[in-house]
Amino acid sequence: MASSPARPGRRRARASAATALALAAVAAAGQLALQPAAAASPGAPRAAVFTDGFEDQSGTTPSGRWNTTVRDCSGTGTATVDSGKAHSGTKSVRVDGRTGYCNHAFVGTDLSAVSGGSLYVRFWINHSTPLPTGHVAFAAMRDANDGGRDLRMGGQNQALQWNRESDDATLPAQSPVGVSKSIPLPTNTWSCIEYGITGGNLTTWVNGRQIEGLIADGTPTQDVDQQWRSRSGWSPRLQNLRLGWESYADGNDTLWFDDVAVGTSQLGCGS
Ligand SMILES: [Ca+2]
């Protein structure tokens, strides 16, 4: 479990008791997609809605909770279950991402059962090509509170960033100072990416460490979240999670995703 200390002036998002109660209430209503994964998987993180290492996949086409639906158009990108590389077990999802929006490829799952409260996502990612200068995304989530446009995580200027599709706001701002407060995504190794969203606050960890440039909180910080927060009232209600590749200018990449977890409090990088 990550235990990075909160930095001065920046609050680390925490799951509240109210969130736990809300989850229990939803569970009681019988909407269980929310079967706690812990019941079936003793090693699963506390408060996980699900954890998935793709070991149950029997073919190369993602199935079960996963689909490969893409928006608008499709091309040469692919998302397949892969037995050649895995963070745990023997399987992962491999995405062959290609330059050009319509070559986007994702493996996606519905999150509507958890949207509206605190949402925490954890996944392990391994990729081949350094993040390019141009804007790319490797995670996207449909935001019902933003006209159905995506909240996207990926890279720009060779460092990790968040992007809001509706107004193209970035976190951090893409100034040299802003970019310096983020980090590249290492290649040919597994990295643990975690993020938590509560209301309009967004916190991001990489391998258990908070990344200053990837935090939007209650205090506008120049070069970080000042631009992001210029739209008042941003409070996403995310309806799905799609992992893959979307390139808006340049950039091919081959990526693997494994050990995906979704929950209502921070999940950590354990199994
Ligand atoms: Ca696996």
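**Aromatic contacts, salt bridges, calcium and disulfides**

F50, F54 and W66 come together in one aromatic cluster. The model is a predicted one, in which local features need pLDDT of at least 70, side-chain atom pairs count only at pLDDT 80 or more, and totals for chains, interfaces and linings use all residues. Residues are numbered from 1 along each chain as its sequence is written, and side-chain values use heavy atoms, with hydrogens and water left out.

To follow the aromatic contacts, it helps to know the rule: rings of Phe, Tyr and Trp (its six-membered ring) pair if their centres lie within 6.5 Å, and the planes count as stacked when under 30 degrees apart, as edge-to-face when over 60 and as tilted for the rest. The count by this rule is 8 aromatic pairs. One of them is edge-to-face and joins W162 to Y195, with 4.8 Å from centre to centre and 90° between the planes. W162 belongs to strand β8 (residues 159-164) and Y195 to strand β10 (residues 191-198), so this pair ties together parts that lie 33 residues apart in sequence. Strands here are DSSP runs of E with at least two residues, numbered from the N terminus. Both W162 and Y195 are buried; buried means under 20% relative accessible area, exposed means over 50%, and partly exposed is in between (1.4 Å probe, protein chains only).

Two of the rings also meet a charged side chain. A charge sits over a ring if NZ of Lys or CZ of Arg is within 6 Å of the ring centre and within 35 degrees of the ring normal. R65 lies over the face of F50, at 4.0 Å from the ring centre, and F50 is also a member of the aromatic cluster with F54 and W66. R242 is placed over the face of F106, at 5.4 Å from the ring centre.

Next come the salt bridges, each defined as a side-chain nitrogen of Lys or Arg within 4 Å of a carboxyl oxygen of Asp or Glu. The structure contains 13 salt bridges. In one of these, the side chains of D150 and R71 meet at 3.5 Å, N to O. This pair links distant parts of the chain, since D150 sits in strand β7 (residues 150-156) and R71 in the loop between β1 (48-52) and β2 (78-82), 79 residues apart. D150 counts as buried, at 2% relative accessibility, whereas R71 is partly exposed, with a relative accessible area of 27%.

A second salt bridge joins the side chains of R149 and E165 (3.5 Å, N to O). R149 is found in the loop between β6 (136-142) and β7, and E165 in the loop between β8 and β9 (169-171), so the pair ties together parts 16 residues apart in sequence. R149 is partly exposed at 36% relative accessibility, while E165 is buried at 12%. These residues also belong to something wider: R71, D72, R149, D150, E165 and R242 are linked in a network of salt bridges. R242 thus appears here as well as over the face of F106. Another salt bridge connects R94 with D96, whose closest N and O atoms are 2.9 Å apart. Of these two residues, R94 is partly exposed at 27% relative accessibility and D96 is buried at 13%.

The model also holds a calcium ion, coordinated at 2.3 to 2.6 Å by G53 (O), E55 (OE), S88 (O), K91 (O), D258 (OD) and D258 (OD). Donors are N, O and S atoms within 2.8 Å of the metal (3.2 Å for Na, K and Ca), and sites may look incomplete because water is not among the atoms. The angles among the 6 donor atoms run from 50 to 158°, and the site is irregular. That label applies to anything that is not tetrahedral (four donors, all angles between 85 and 135 degrees), square planar or octahedral (four and six donors respectively, opposite donors over 155 degrees apart and all others between 65 and 115). Among the donor residues, G53 is buried, with a relative accessible area of 17%, and E55 is partly exposed, at 33%.

Finally, a disulfide is a pair of cysteine sulfur atoms within 2.5 Å, and the count comes to 2 disulfides. One joins C73 to C102, S to S 1.9 Å. The other is formed by C192 and C269, with sulfur atoms 2.1 Å apart; C192 lies in strand β10 and C269 in the segment after β14 (253-263), 77 residues apart.

Key:
Helix = DSSP H or I, 4+ residues; strand = E, 2+ residues; numbered from the N terminus.
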